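Here is a short tour of how side chains pack in this protein. Please keep the viewer open as you read.

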Amino acid sequence: RFRNRRRIYAPRVLKNDIRRQYATMMVNVFNSFDEKVFASLLRTFAVPSMQVQKLVVPELPSSEIFKEAFRNQLISGAVNGMQWSMVHFLVLKSLCPDNIMRIISTKLLTRSDTSKTLLTITVQLDFTRIHNVHPLLFTEDMFEAFANEQQQQRTTEANFSALSALPDAFSLKNIAHRTDPFSYFQQKVGMSIPLLVEPQPVSFVGTINVLIDEAKRVERVEIVD
């Protein structure tokens with residue numbers, strides 16, 4: 001893990017290094033609402049085994065029916081980052097179509113004893129809640145369903161050892177086709193997603209730590225409050 005000590009870190013990234021553009025690229029693609037562009041970004045700039053470590057999920061008001069329907073919303077530890085990122089991108093796009101991310105600050109540091117780089121991005125996310133569900137916890141529940149389904153498929157495959165990191169049924173393309181929060185809620189709860197009486201603007205600031213390997217591809221992402 002990277003530690004913020006001057007004796008370990010050294011600013012060795014040149015001004016024209018593409019890693020200095022990662023924060024802007026990530027935010028611009030997130031705000032594009034184009035899942036094909038988002039998937040292309042992941043495939044191009046992230047390793048297939050990229051992990052996401054979710055440390056904190058901001059508290060938002062939630063309806064009683066949501067609390068009853070989704071009991072095990074959070075997934076602890078590191079997960080398949082590409083799939084997790086795609087599910088979150090698509091659910092937020094559907095439930096909060098006006099969401100927009102802004103960069104507040106960035107910091108890019110390298111370690112003197114390794115070729116890896118740490119990119120720290122502080123962002124502000126603004127969106128309007130129009131559905132009476134917690135949009136971030138909703139995405140966690142959907143991802144958990146995908147993860148469980150994928151695990152079941154893997155355990156029943158005769159050639160499990162030959163499977164790639166992203167089986168076809170759970171590729172980014174297929175996940176994009178299958179991620180429909182409205183159908184998912186209908187199947188799980190037996191009703192349409194309830195609407196709020198009045199839309200609620202939401203805004204919060206968070207920090208994203210991005211670990212970049214020696215090939216300049218994202219290896220790990222940590223999302224902190």
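## The nonpolar core

In this predicted model, the largest nonpolar core holds 48 residues. Met50, Leu119 and Phe138 are the members that touch the most others in that core. Helix H4, which spans residues 81-95, gives the most to this core, contributing nine residues.

As background, nonpolar side chains in soluble globular proteins tend to be buried together.

## An edge-to-face pair

The aromatic rings are worth a look too: the count comes to four aromatic pairs. One of them joins Tyr22 and Phe45, whose rings meet edge-to-face, with 5.4 Å from centre to centre and 65 degrees between the planes. An angle over 60 degrees counts as edge-to-face, and that is the label this pair carries.

Tyr22 belongs to helix H1 (residues 22-32) and Phe45 to helix H2 (residues 35-45), so the pair links distant parts of the chain, 23 residues apart. Tyr22 and Phe45 are both buried.

## A stacked pair and its cluster

Now turn to Phe38 and Phe89, an aromatic pair of the stacked kind. Their ring centres are 4.3 Å apart, and 5 degrees separate the planes. This pair also links distant parts of the chain, with Phe38 in helix H2 and Phe89 in helix H4, 51 residues apart.

Are these two rings, Phe38 and Phe89, buried or exposed? Both are buried.

Which residue joins Phe38 and Phe89 in one aromatic cluster? That residue is Phe30.

Notes. Residues numbered from 1 in each chain as written. Predicted model: local features only at pLDDT ≥ 70, side-chain atom pairs only at ≥ 80, totals over all residues. Heavy atoms only, no water. Core = buried A, V, L, I, M, F, W, Y, C linked by side-chain atoms within 4.5 Å. Buried < 20%, exposed > 50% of the residue type's maximum accessible area, 1.4 Å probe, protein only. Helix = DSSP H or I, 4+ residues; strand = E, 2+ residues; numbered from the N terminus. Phe/Tyr/Trp six-rings, centres within 6.5 Å; stacked < 30°, edge-to-face > 60°.
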